[in-house]
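I opened my notebook to record, step by step, what I looked up in this protein. My plan was to begin with the whole chain and then turn to smaller parts.

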Amino acid sequence: MRCRGAVTALVAILATARPLPGQGTAPATGNEFADVHFHLTNYIQEGTDVRDFLQIMGKRAVRSTLFGIPLQQTWSHENSGDYAPTYYLQTDAPLYYYSFTDAFIAMTYRSLKPEERARLDPMITGFNPADMYAADHIRRVLKTFPGVFTGIGEFTIHKEFVSSKVAGEVASLTDPALDRILDLAAETGLVVLIHNDMDMPFAKAGTEPVFLTQMKALLRRHPKSTIIWAHMGLGRVVRPVQASASAPAAERNPNHGVIVEGILSDPTLRHVYFDISWDEVAKYLLATPETTRRAAALIDRYPDRFLFGSDVVAPRDTAQYYAVFEMYRPLWHQLKPKTGEAVRRGNYERLFDAARQRVRAWEKAQGW
Ligand SMILES: [Zn+2]
């Protein structure tokens with residue numbers, strides 16, 4: 001989930017973009033990427049018509065996930081009067097879980113021709129992860145709309161400015177309700193796309209990321225689920241952890257890259273992947289030539305474990321949609337060609353093709 005805005009300034013890059021490796025000097029040739037993180041609708045359940053989105057995808061985006069945003073921003077007249085908020089930062093009124101989003105996404109998908117559907121992977125999001133009944137909702141959605149969904153998410157546990165605004169019980173990584181959800185994902189084969197800030201906003205350098213231990217424990221409890229950790233655990237003000245320069249070397253906490261590599265190299269976490277979606281994440285990874293080089297080196301060491309996503313919300317046009325992909329061009333140029341191909345589309349195709357097969361087989365076994 002993100003706000004629009006910053007990306008529009010990047011449109012200028014489009015004009016001067018160098019071709020990707022293997023594309024020669026020709027303009028975009030198509031089939032450039034699959035998008036693991038795409039919001040068709042926004043915080044008031046409005047957005048892009050799916051046919052317009054297919055046009056925007058054109059030949060460049062070969063496939064995409066399809067989901068809205070499970071949280072609906074309340075328009076409280078008491079709070080903002082006649083001003084109708086469309087984003088969670090525009091009012092103090094609470095957000096609430098809007099389960100109808102799943103029916104909306106399913107009906108939208110079903111309205112398409114088979115060849116159009118083949119390009120999209122709808123995701124279930126309209127459940128409250130702090131509710132023990134959330135898994136039952138997911139099961140009900142699959143039963144009501146068999147043949148539609150490939151995964152669950154993006155759903156959120158900890159997110160700067162958002163978690164505290166959600167009406168009702170606060171979500172937690174230690175909540176058994178979340179374990180039930182991930183158990184069902186393992187049973188059905190649904191891919192999981194989870195947003196969970198690794199750290200609190202504006203954390204001090206050299207401190208252990210506050211949600212890291214709980215997150216790793218959660219991931220370890222569900223080795224049979226395919227789990228994609230969105231945004232590499234980062235946020236707009238949840239910055240990559242910095243090692244404290246002043247602390248003695250032996251006591252120094254690792255920086256964000258080392259933490260991510262620790263997860264990737266852990267044999268108990270082989271089912272965990274990272275998406276690099278969101279222009280805010282691109283800003284961190286590409287902050288300097290040195291950070292870009294380090295990000296590329298890390299991804300090259302684990303080419304099967306990273307996926308590109310845009311995290312664009314309800315795009316109005318192609319410029320807005322492609323801005324994040326274009327922003328990543330310095331990374332695309334540094335990655336080994338095979339790694340770049342895997343991150344841009346190969347990993348998506350592998351994970352989501354397998355999930356489609358498994359979920360369809362599971363539905364069939366239920367007699368749906
Ligand atoms: Zn997110």
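The entries below go from the overall make-up to one strand and then to the empty space inside.

Entry one, the whole protein. I noted that the model is predicted, and I then looked up its elements, which come to 14 helices and 12 strands. Of the 368 residues, 57% count as buried, and the protein exposes about 15300 Å², of which carbon and sulfur atoms supply 55%. I also checked contacts with a separation of 6 or more, and found that residues 24 or more positions apart account for 82% of them.

Entry two, strand 10. Which strands pair with strand 10? Strand 9 (residues 227-229) pairs with strand 10 in the parallel sense over 3 bridges, with Ile228 opposite Tyr273. Strand 11 (residues 306-307) also pairs with strand 10 in the parallel sense, over 2 bridges, and here Asp275 stands opposite Leu307. I reminded myself that side chains in a regular strand alternate between the two faces of the sheet. For strand 10 (residues 272-275) I found both faces covered, since Val272 and Phe274 on one side are buried, as are Tyr273 and Asp275 on the other.

Entry three, the cavities. I looked for enclosed space and found 2 cavities of 30 Å³ or more, the largest of them holding about 80 Å³. What kinds of residues line the largest cavity? Its lining has 8 nonpolar, 3 polar and 1 charged residues, and among them I wrote down Leu71, Tyr97, Asn128, Thr156 and Glu169.

Terms used. Residues numbered from 1 in each chain as written. Predicted model: local features only at pLDDT ≥ 70, side-chain atom pairs only at ≥ 80, totals over all residues. Heavy atoms only, no water. 1 Å grid on protein atoms, 1.4 Å probe; cavity = no way out; pocket = protein on both sides within 12 Å on 5 of 7 lines; lining within 4 Å. Points joined across faces, edges and corners; volume = space filled by probe spheres on them. Nonpolar A, V, L, I, M, F, W, Y, C, P; charged D, E, K, R; others polar. Buried < 20%, exposed > 50% of the residue type's maximum accessible area, 1.4 Å probe, protein only. Helix = DSSP H or I, 4+ residues; strand = E, 2+ residues; numbered from the N terminus. Pairing = 2+ DSSP bridges. Contact = heavy atoms within 4.5 Å. Areas by Shrake-Rupley, 256 points an atom, 1.4 Å probe, with all protein chains shown as cover.
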